[in-house]
Amino acid sequence: MGFGTVLVANRGEIAIRVMRTCRELGIRTVAVHSTADRDSSHVHAADAAVQIGPGAPRKSYLSAPAVVEAALRTGADAVHPGYGFLSEDPDFAEICAENGLTFIGPRPEVLARLGDKAVARSLMTDAGLPVLPGSPGTVDSAAEASDLASRIGYPLIIKAAAGGGGRGMTVVRGASDLLPAYRQTRATAQAVFGDNRVYMERYCDSARHIEVQVLADGHGTVLHLGERDCSVQRRHQKLVEESPGPGLHPQLRSAMARAAVRGARAIGYTGAGTFEFLVHDEGFSFMEMNCRIQVEHPVTEAVYGVDLVAEQIRVASGEALRMSQEDLVPRGVAVECRVNAEDPARDFAPAPGTLAEFVPPGGPFVRVDTHGRAGWKVPPQYDSLLAKVVCWAPERDEALDRMDRALAEFRIAGPGVHTTIPLLREIVADPVFRAGRHITSFLDTRT
């Protein structure tokens, strides 16, 4: 392995998950943390730790100078960004390169092109991937929005060009709502992403969210590792994911995989990435590409037996992928449930607090990625994800039964602490979900 020390520019469960793989590869790790996270589990999991700023993310985990200085000070030769924060920031990747640090991810210019969702849509159209009817680029005026809407039709969705993570999107159901939605989405995009550009495309009410995992090295090899169904969402935030997608026709599954490989090859992608598609009555359409490891990557790892983070690190160090497409044979079914510190009864309001009790489940074929522990106070400044429970079984029904058992075992308690576990158990037991007939509006229609 070419790296001696990797700085993990993240926190929580993904930081610990990356550190575990680094340790198995014989790589020393460095954690960065804010003052609010000084006693967090990822700090204790690393070989060294550096405090980089106060609790506010913009002054710590989103501060590229602070992260790079920590890497240089601790002798790191590479930076793994995890997901979120700086993981898809081309400027950060460029700063790493300028300081002699390897960014474990795609090249800065690829990040820049795919980070602009409107540009990514155009690139994938050129590569032959199907897209929904929409604007050819960004929509820069209300008059242009009105003109395009009359051609796209309703419902449509307005999206932030610099968006991600399910934020900066507004569904418009009729002409009277268009201009207020256009202005509001631009304002949100500016406030959240610092970029008010938006684009538009047709919105599908009855669609499934299916994504394809790819791996690509710098030697011309691009592979896919099947698909994940991420249709169970609330406000575009995923709650349950599984691989493979239930009930997909083999020809559709194969067509999406080929499209993802073609798209990755067309843009010279390297590392781990994910193509997100909508599956609808007319087939499938490209939505966007995520240029990083994703929250739901463990379900792919469980089905394919591949450590995706290890492959990311090897590719970043210049190694060729050590497998061929024929080597990648899926086995069984894996399901992931996200356990968040939220109160579903109060519209998923964050419900952090001190974890008086935290006992994760165990048993055969159960994986829990978490940074929680008894006695730890969940900081209110960050994402509410407490743990990911992943269950594998030869058949889907067995995997779901195992998931219900695991969720029932999971004990989390503390003053003011609520979690999504009760809702997740309801979803796993729901007849529509059990039958694999759920779509992206599934959660809205059952509540």
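**Exercise 1. Helices H7 and H8**

In this predicted model, determine how the axes of helix H7 (residues 142–152) and helix H8 (residues 175–193) are placed relative to each other, and classify the pair.

*Solution.*
Step 1. Two packed helices are described by the angle between their axes and the distance between the axes.
Step 2. The axes of H7 and H8 come within 10 Å, and they cross at roughly 135 degrees.
Step 3. Angles over 145 degrees count as roughly antiparallel and those from 65 to 115 as roughly perpendicular; an angle that falls outside the named ranges is oblique. H7 and H8 are therefore oblique to each other.
Step 4. The handedness of the H7 and H8 crossing is right-handed.
Step 5. On the H7 side the contact is made by Ala 142, Ala 145, Ser 146 and Ala 149, which meet Leu 178, Leu 179 and Tyr 182 of H8. Sorted by class, this contact holds six nonpolar residues, one polar residue and no charged residues.

**Exercise 2. Helices H4 and H5**

Carry out the corresponding analysis for helix H4 (residues 90–98) and helix H5 (residues 108–115).

*Solution.*
Step 1. The axes of H4 and H5 come within 8 Å and cross at roughly 175 degrees.
Step 2. That angle makes H4 roughly antiparallel to H5, given that the class covers angles over 145 degrees.
Step 3. Pro 90, Ala 93 and Glu 94 of H4 meet Pro 108, Leu 111 and Ala 112 of H5.
Step 4. By class, the contact of H4 with H5 has five nonpolar residues, no polar residues and one charged residue.

**Exercise 3. The eight-strand sheet**

Trace the strand order of the open sheet of eight strands, identify its edges, and place the helices that pack on the sheet.

*Solution.*
Step 1. The order is E13-E12-E9-E10-E11-E14-E19-E18, with antiparallel pairing.
Step 2. Strand E13 (283–290) and strand E18 (366–370) are the edges, each pairing on one side only. From one strand to the next the twist averages 25 degrees.
Step 3. Take one pair in detail: strand E9 (residues 208–216) and strand E12 (residues 271–280) are joined by nine bridges in the antiparallel sense. Within the sheet, Glu 211 stands opposite Glu 276 in E12.
Step 4. Helix H11 (residues 308–316) lies across E9, strand E10 (222–234) and E12, at about 40 degrees to E9.
Step 5. Helix H12 (residues 396–409) also packs on the sheet, where it touches strand E11 (237–243), strand E14 (333–340), E18 and strand E19 (385–393). The direction of H12 makes about 140 degrees with that of E19.

**Exercise 4. The surroundings of His 224**

Which residues is His 224 in contact with, leaving aside its neighbours within four places in sequence?

*Solution.*
Step 1. His 224 sits in strand E10.
Step 2. Its contacts beyond those neighbours are Val 212, Gln 213, Val 214, Ala 257, Val 261, Gln 325 and Leu 328.
Step 3. As a distance check, Ala 259 is 35 residues from His 224 in sequence, and their C-alpha atoms are 9.9 Å apart.

**Exercise 5. The five-strand sheet**

Describe the open sheet of five strands and the helix H3 that lies across strands E1, E2, E3 and E4.

*Solution.*
Step 1. The strand order is E3-E2-E1-E4-E5 and the pairing is parallel.
Step 2. The edges are strand E3 (48–53) and strand E5 (102–103), each of which pairs on one side only.
Step 3. Strand E2 (residues 28–34) pairs with E3 in the parallel sense over five bridges, and Ala 31 stands opposite Ala 49 in E3.
Step 4. Helix H3 (residues 64–73) lies across strand E1 (5–8), E2, E3 and strand E4 (78–80). H3 runs at about 150 degrees to E3.

**Exercise 6. A salt bridge and backbone exceptions**

Locate the salt bridge of Glu 301, then the cis peptide bonds before Pro 155 and Pro 244 and the positive phi of His 236.

*Solution.*
Step 1. The whole structure contains 36 salt bridges. In one of them Glu 301 pairs with Arg 17, with the closest N and O atoms 2.7 Å apart. Glu 301 lies in helix H10 (residues 297–304) and Arg 17 in helix H1 (residues 12–24), 284 residues apart.
Step 2. Most residues other than glycine have a negative phi, and most peptide bonds are trans.
Step 3. The bond between Tyr 154 and Pro 155 is cis, with omega about -5 degrees; Pro 155 is in the loop between H7 and strand E6 (156–164).
Step 4. The bond from Ser 243 to Pro 244 is cis, with omega near -5 degrees. Pro 244 is in the loop between E11 and helix H9 (250–266).
Step 5. His 236 has a positive phi, near 65 degrees, and is found in the loop between E10 and E11.

Notes
Residues numbered from 1 in each chain as written. Predicted model: local features only at pLDDT ≥ 70, side-chain atom pairs only at ≥ 80, totals over all residues. Heavy atoms only, no water. Pairing = 2+ DSSP bridges. Helix = DSSP H or I, 4+ residues; strand = E, 2+ residues; numbered from the N terminus. Axes fitted to C-alpha atoms, helices over the stretch in contact; angles between N-to-C directions. Contact = heavy atoms within 4.5 Å. Parallel < 35°, antiparallel > 145°, perpendicular 65-115°, else oblique. Left-handed = near helix turned anticlockwise from the far one by under 90°. Nonpolar A, V, L, I, M, F, W, Y, C, P; charged D, E, K, R; others polar. Salt bridge = Lys/Arg side-chain N within 4 Å of Asp/Glu carboxyl O.
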